[in-house]
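Please look through the structure shown below, and keep it in view while reading the paragraphs that follow. They begin with the cysteines and then turn to the chain as a whole.

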Amino acid sequence: GSIGMWRRDRAGWATVLGTISIATHPAVMLPIALLGLGCALPAEQRRSRLVACWTIAVVVAVPAIAMTLDSPVLTQTSRRDTIVSLVTTVLVRAVVLAVPVALAAAVRRPWVTPGLPVAVAALSVVLVAAMWRPFLLGAGWRGITRTRPPAELTSFVTKPPLQAGRTYRLLSGGDEKYDLYQVVRNGGVLDSELFPESLHRDGFASSELYARFLLERHVTSIVLTPGYEAHFTSNEPGLLRALAATPQCTAGIRIAEGQSTPGWQEYDVAAC
């Protein structure tokens with residue numbers, strides 16, 4: 001929208017939409033906005049105006065940028081994981097910018113055929129199919145097509161055992177994020193942000209590392225659902241059951257089985 005407004009010589013609206021874009025997700029959209037600026041400058045006749053509008057958009061979005069830099073996810077993940085995640089996330093989403101820029105550049109070449117846009121569209125469909133599993137696109141599709149919200153944790157969040165103020169680590173599958181929102185809206189505290197890097201679904205090398213992880217995040221309850229094991233390959237459920245099966249203290253914590261239903265199992269975490 002911002003690029004379209006700029007090409008129609010509506011610099012004010014281009015700046016407003018650019019600001020909204022960057023502020024929505026600075027970690028992704030600020031690099032993409034910078035890439036867009038770099039692509040436009042070589043052929044742009046209003047370079048100084050474009051740079052000024054881009055700068056205004058970034059300055060107005062500074063509060064959102066500051067919130068991103070102060071986000072707990074940056075301390076909950078290693079610097080390497082943060083950089084890798086940022087680069088891969090930006091590259092995937094930069095396709096939205098790269099495709100129209102590439103088509104605009106290609107149309108000026110005499111060898112380009114009218115079938116190029118069709119070929120690019122077909123390639124996009126193939127890429128969606130290839131990325132369906134790695135990027136868990138099924139969850140997004142279910143969010144569009146479902147007729148009612150997931151009910152996996154309804155019996156947990158709408159009445160006890162959920163206790164307001166306790167810190168929960170939620171191991172749920174299916175929708176991935178809806179259950180997390182339910183816990184927060186009913187007074188629970190999450191051990192992470194809603195970013196995949198912060199949720200940490202990659203598993204753990206040992207029980208001791210897992211126990212230290214829970215201790216560092218001040219987790220007091222863990223809720224495991226069958227959907228988690230169906231959708232993720234993490235070894236966390238196995239480590240959790242193993243720790244709950246022994247009364248001994250591991251790396252400063254002790255885990256015990258709590259209440260359960262066919263849809264979820266709660267585990268209590270206590271310092272020892």
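In this predicted model, counting pairs of cysteine sulfur atoms within 2.5 Å gives 1 disulfide. The bond is formed by C249 and C272, whose sulfur atoms lie 1.9 Å apart. The two partners come from distant parts of the chain, 23 residues apart, since C249 sits in the loop between helix 16 (236-244) and strand 4 (253-261), while C272 belongs to the segment after strand 5 (264-271). The torsion about the S-S bond of C249 and C272 is about 80°, and the disulfide is therefore right-handed. Neither end of this link counts as buried or as fully exposed: C249 is partly exposed because its relative accessibility is 37%, and C272 is likewise partly exposed, with a relative accessibility of 42%.

Why does the sulfur of C39 form no bond with that of C53? The closest cysteine sulfur to that of C39 is the one in C53, but it is 18 Å away, which is too far for a bond. Seen from the other side, C53 takes part in no disulfide, and its nearest cysteine sulfur, that of C39, lies 18 Å away. The surroundings of these two residues can also be described by their accessibility: C39 counts as partly exposed because its relative accessibility is 46%, whereas C53, with a relative accessible area of 14%, is buried, because buried means under 20%.

Turning to the chain as a whole, there are 16 helices and 5 strands. The C-alpha atoms fill a box of roughly 75 × 40 × 35 Å when this is taken along the principal axes. The chain has a radius of gyration of 23 Å, whereas a compact globule of 272 residues would have one near 19 Å. Of the 272 residues, 33% count as buried, and the accessible surface of the chain comes to about 16000 Å², with 65% of this belonging to carbon and sulfur atoms. Among the contacts between residues at least 6 apart in sequence, 62% join residues that are at least 24 apart.

One part of the surface deserves a separate look. W13, V16, L17 and I20 together make a nonpolar surface patch of about 380 Å². Of these residues, W13 has its place in helix 2, which covers residues 11-24. Is W13 buried or exposed? W13 counts as exposed because its relative accessibility is 53%, and the limit for this class is over 50%.

Notes:
Residues are numbered from 1 along each chain as its sequence is written. This is a predicted model: local features need pLDDT of at least 70, side-chain atom pairs count only at pLDDT 80 or more; totals for chains, interfaces and linings use all residues. Side-chain values use heavy atoms; hydrogens and water are left out. Patches are made of residues with over 30% relative accessible area and no salt bridge: like charges are joined within 9 Å, nonpolar side chains (Val, Leu, Ile, Met, Phe, Trp, Tyr) within 5 Å. Accessible areas come from the Shrake-Rupley method with a 1.4 Å probe; for residues, only the protein chains shown count as cover. A salt bridge is a side-chain nitrogen of Lys or Arg within 4 Å of a carboxyl oxygen of Asp or Glu. Helices (H or I, at least four residues) and strands (E, at least two) are DSSP runs, numbered from the N terminus. Buried means under 20% relative accessible area, exposed over 50%, partly exposed in between (1.4 Å probe, protein chains only). The radius of gyration is taken over C-alpha atoms; the globule rule is 2.2 Å times the number of residues to the power 0.38. Contact means heavy atoms within 4.5 Å.
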